[in-house]
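Please look at the sequence and the three-dimensional structure shown below, and keep both in view while you read. The report takes up a few places in turn.

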Amino acid sequence: MKWLHLLSANFRKEYIELKRYLPNTFALVFTFYIIFLAAFFGIMFIGDPASFDTNVQYSIVSVAFWSLTMMTMNFIGYSVITEATRGTLEQIYMSPMGVWKIMLTRIIGQFGLQSVVMVILLFAAMLTSGQWLNLNPMTTIPIIVITMISMVGVSFMIAGLAIIVKQIQAFLQIFQFVLMGLVFVPLTVAPFLAFAPFVKGVNMVRTVMIEDLTLTQLPLADYAALILNSLVYLIVGLFIFHRCEKIAMKKGLLGQY
């Protein structure tokens, strides 16, 4: 019951902030839409006409997932920076629920809202390009949810770094281009990227949407690799976050900015 109250409160918080700063929310969606347009017109003018449809569909899914992964994986880090700037980070540490639980429910709420943004972006891109993907929610949603677990793990790693050094905005700006590379590069080109967070899940969802597959048509080995990858990153992420918390407390860094 406490978890439900905490999740409800943080979901409302994230929704209110998105609604209150609506121009910023619209600008965010518009920015990713412009990036898709750049990719779309690039494929149109210099791409191979024989594989035009597949390349456009690939770009639609990749841009949508880049937006989702970037906003999800950077979220807790930005949340820590914001709380430290406002001087409320220590107040969160006074909560009996624990900071990691608060941050976890926040990122779940944020993920739910950003998923709506991703769907809007997907439909806008499909409408513009005339290429309609097979969204197949009964297949894509379970894969996306499992993939999110690894995103949460990395987000906790970034949050741990933010607790100690405070200012990591420059790092996050560079990190978004790393995420772009991870999302856009297919596993067939770089199979070793399957060990990176979320890449396996994005590749599976992209395959489902482009080839119109169902859950049972994907190999069991893909599901096993995805679940193992997500759990490993979540455990490592929480471990690093707790270690950074202890270092910050030992050095008295929580109240400093």
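The sections below go from the confidence of the model to its helices, its salt bridges and its surface.

## Confidence in the model

This is a predicted model, and the predictor's confidence, given as pLDDT, averages 84 over the protein, while 95% of the residues score at least 70. Among the elements of the protein, helix H10, which covers residues 220–251, has the highest mean pLDDT, at 92, whereas helix H2, covering residues 22–46, has the lowest, at 77.

## Helix H9 and what covers it

Helix H9 is made up of 13 residues, from 199 to 211, and it reaches 18 Å from its first C-alpha to its last, which is close to the 18 Å expected at 1.5 Å a residue. The helix is mostly covered, since 10 of its 13 residues are buried. Among these buried residues are the nonpolar-named positions Val199, Val202 and Met204, but Lys200, Asn203 and Arg206 also belong to the list. The elements that cover the buried residues of H9 include helix H3 (52–73), H6, H7, helix H8 (169–184) and H10.

Which residues beside this helix have an unusual backbone angle, given that most residues other than glycine have a negative phi? Phe198, a residue other than glycine, has a positive phi near 65 degrees, and Phe198 is found in the loop between H8 and H9. At the other end, H9 is followed by Asp212, which is not a glycine either and has a positive phi of about 55 degrees. Asp212 lies in the loop between H9 and H10. The two residues can also be described by their accessibility: Phe198 counts as buried because its relative accessibility is 1%, under the cut-off of 20%, whereas Asp212, at 42%, counts as partly exposed.

## Salt bridges

How many salt bridges does a search of the whole structure find? It finds four, and three of the pairs can be described here one by one. Lys200 and Asp222 meet through their side chains in a salt bridge, with 3.0 Å from N to O. This pair links distant parts of the chain, for Lys200 is in helix H9 and Asp222 is in helix H10, 22 residues apart. Lys200 is buried, with a relative accessible area of 15%, and Asp222 is buried as well, with a value of 19%.

Lys13, Glu14 and Glu17 are linked in a network of salt bridges. In this network, the closest N and O atoms of Glu14 and Lys13 are 3.4 Å apart, while the side chains of Glu17 and Lys13 meet at 3.3 Å, N to O. Glu17 and Lys13 are separated by about one helical turn, because they are four residues apart in helix H1, which covers residues 2–20. Glu14 is buried, with a relative accessible area of 4%, but Lys13 counts as partly exposed at 25%, and Glu17 is partly exposed at 28%.

## Two buried residues

Gln114 has its place in helix H6, which covers residues 99–129. Is Gln114 buried or exposed? Gln114 is buried, because its relative accessible area is 2%, which is under the 20% that sets the limit for this word. Leaving aside residues up to four places away in sequence, Gln114 touches Leu18, Leu28, Leu68 and Met71.

Leu172 lies in helix H8 and is buried, with a relative accessible area of 1%. Which residues does Leu172 touch, not counting residues up to four places away in sequence? Its contacts are Asn74, Tyr78 and Ile158. Leu172 can also be used to set a distance across the model: its C-alpha atom and that of Ala39 are separated by 23 Å, and the two residues are 133 residues apart along the chain.

## A nonpolar patch on the surface

On the surface, Val119, Phe123, Leu127 and Trp132 form a nonpolar patch, and together they have about 430 Å² of accessible area. Trp132, one of the residues of this patch, is found in the loop between H6 and helix H7 (137–165). Trp132 counts as partly exposed, because its relative accessible area is 48%, and partly exposed is the word for values between 20% and 50%.

Key:
Residues numbered from 1 in each chain as written. Predicted model: local features only at pLDDT ≥ 70, side-chain atom pairs only at ≥ 80, totals over all residues. Heavy atoms only, no water. Buried < 20%, exposed > 50% of the residue type's maximum accessible area, 1.4 Å probe, protein only. Contact = heavy atoms within 4.5 Å. pLDDT = per-residue confidence, 0-100. Patch = residues over 30% accessible without salt bridge, like charges linked within 9 Å, V, L, I, M, F, W, Y side chains within 5 Å. Areas by Shrake-Rupley, 256 points an atom, 1.4 Å probe, with all protein chains shown as cover. Expected span 1.5 Å × (residues − 1).
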